[in-house]
Amino acid sequence: MHPREQTIFALSSGRPPSAIAMVRVSGPQARAALTSLVGRLPTPRMATRVLLRDTNQRPIDDAVVLWFPGPASATGEDVAEFHVHGGRAVLAALFAALSAFENVRAAEPGEFTRRAFENGKLDLTEAEALDDLIHADTDRQRRLALRQMKGLLGDRARDWRAQIIEASALIEAGIDFSDEGDVPRELIEPALEKIKALHGEIEEVLAAQGRSERLREGLVVAIAGPPNVGKSTLMNQLARREVAIVSPHAGTTRDVIEIQLDLDGYPVTVIDTAGIRETDDPVEQEGVRRARARAEEADLVLWMIDAQHEDGLSEGRAPAWCVRNKIDLDVSAGASGQLADAAGKAGSRIEFRISASQGDGVQELITALVAFAQNLFGAAEDGLIGRVRQRKLLQETSVMLHRSISAINRGEELAAEELRGAAVALGRLLGRVDVEDVLDVIFREFCIGK
């Protein structure tokens, strides 16, 4: 039997032990399994309290069950849900009972969502958004994923594809009536106007500079600088817990340490790097190499120094802020906070004075990080594009629409062919055309039970 014809089950709630656990079953055997374990088929879409029994009539648990006959279910197949007590022994007994049925097996990661996609319950952009919603760490990521899951991009793509097909039909009708004088031009002109309007609309969406994709990935901030200037102490201040070793000895941090922060809804990864200095220690040399590499990849570098070190801040790919630490030990350092004018610029750079150990000036630094994230992401949560795959297919669509406009004067057949290519690209975006090669990649990223 093909795997798609088998019935699958999985724990679709949190890791046990828990107060309540939800086990979902989907497929042609869901009805038989539910009837056997309950003793009867419950009323569809109505929560029913029952005593579950295995095939030997031994009690499993006092539970609540739900029955969703297909196609009116989440996956489009027959679906049963078992809401049981979340103990490991209860779940083990229920899984054993389900596995005893023929052609019933444990689900693979993302298999429930994949079946929903294959049964037309959601398109590929909505499936990707569901995965993003599950993995959302901040409120802004959640809002973006929820909008995408409600069809923010999918609905627009379907409308674009329908308009492309309409324009293509007009052009091909013009080809068919090419021997009837003025008829072709009367058909081609409105088609050309439609194509131009579509091309401009898609170009506007692409001009958003990938901010939605960036919001999904988050902002990366690297704390770099010489050894023993307080990088790990600042890291712990930002995390509000001890994630990095704080020591007066140089070279304590030998590797790259990362934490995930939620700053005003923006996802921020902060990296504590090894102190950058010349050293003969091969382990520390590797730490310095990694520190330099991560700083180069970051969106922003916080270059930390104290009174014992020169500035040493150099221009790199990423913008860098100078952070002067240990002002509580340096009487000449002055007040904490941001140096220079209200914009925080000392000449052409931004500079802060803080005491990472005492917390002085740290809040001003955090406020500046939030402002940097706001400027970087902009109105990202209102964007249409959530993934690189989506952007690439929209770029393909835009290129083909542009080529069809250019080709119209060289021959309607050429323009019609480019329009067919644009429609196929949007079909691949929605997952309705030639996407078998990407489905495994997308759905294996899902958690089991979704």
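## Cavity, helix pairs and backbone exercises

The lining of the largest cavity has 1 nonpolar, 4 polar and 2 charged residues (nonpolar: Ala, Val, Leu, Ile, Met, Phe, Trp, Tyr, Cys, Pro; charged: Asp, Glu, Lys, Arg; polar: the others, with Gly among them). The model is predicted: local features need pLDDT of at least 70 and side-chain atom pairs pLDDT 80 or more, while totals for chains, interfaces and linings use all residues. Numbering starts from 1 along each chain as its sequence is written, and side-chain values use heavy atoms, without hydrogens or water.

**Exercise 1.** Find which residues line the largest cavity, and which helix gives the most to the lining.

*Solution.*
- Count cavities of 30 Å³ or more: there is 1 (a cavity is a set of points on a 1 Å grid, over protein atoms alone, where a 1.4 Å probe fits but cannot get out; lining residues have an atom within 4 Å of a point).
- Take the volume: the largest cavity holds about 40 Å³ (the space filled by probe spheres set on the points, which are joined across faces, edges and corners).
- List the lining: Thr 125, Glu 128, Ala 129, Asp 132, Gln 148, Gly 386 and Gln 390.
- Assign the main contributor: helix H4, residues 124–134, supplies 4 residues, the most of any (helices are DSSP runs of H or I, at least four residues; strands are runs of E, at least two; both are numbered from the N terminus).

**Exercise 2.** Describe how H4 packs on helix H5, residues 139–149.

*Solution.*
- Angle and distance: about 155°, with the axes 8 Å apart (axes are lines fitted to C-alpha atoms over the stretch in contact; angles run from 0 to 180 degrees between N-to-C directions).
- Orientation: H4 and H5 are therefore roughly antiparallel (over 145 degrees).
- Handedness: H4 passes H5 in a left-handed crossing (the near helix is turned anticlockwise from the far one by less than a right angle).
- Contact (heavy atoms within 4.5 Å): H4 brings Glu 126, Ala 129, Leu 130, Asp 132 and Leu 133, and H5 brings Arg 142, Ala 145, Leu 146, Gln 148 and Met 149.
- Classes: this contact has 6 nonpolar, 1 polar and 3 charged residues.
- Link to Exercise 1: Ala 129, Asp 132 and Gln 148 take part in the contact and also line the cavity.

**Exercise 3.** Do the same for helix H12 (388–407) and helix H13 (412–430).

*Solution.*
- Angle and distance: about 170°, axes 8 Å apart.
- Orientation: H12 and H13 are therefore roughly antiparallel.
- Handedness: H12 passes H13 in a left-handed crossing.
- Contact: residues include Leu 393, Met 400 and Arg 403 of H12 and Leu 414, Glu 418 and Ala 425 of H13.
- Classes: 12 nonpolar, 4 polar and 5 charged.
- Cavity link: Gln 390 belongs to this contact and to the cavity lining.

**Exercise 4.** Locate the cis peptide bonds at Pro 17 and Pro 71, and place Asn 103.

*Solution.*
- Most residues other than glycine have a negative phi, and most peptide bonds are trans.
- Pro 16 to Pro 17 is cis, omega near 0°; Pro 17 sits in the loop between strands S1 (7–11) and S2 (18–26).
- Gly 70 to Pro 71 is cis, omega about 5°; Pro 71 sits in the loop between strands S4 (59–68) and S5 (79–86).
- Asn 103 has a positive phi of about 60°; the loop holding Asn 103 runs between helix H2 (88–99) and strand S6 (104–106).

Note on methods: 1 Å grid on protein atoms, 1.4 Å probe; cavity = no way out; pocket = protein on both sides within 12 Å on 5 of 7 lines; lining within 4 Å. Parallel < 35°, antiparallel > 145°, perpendicular 65-115°, else oblique.
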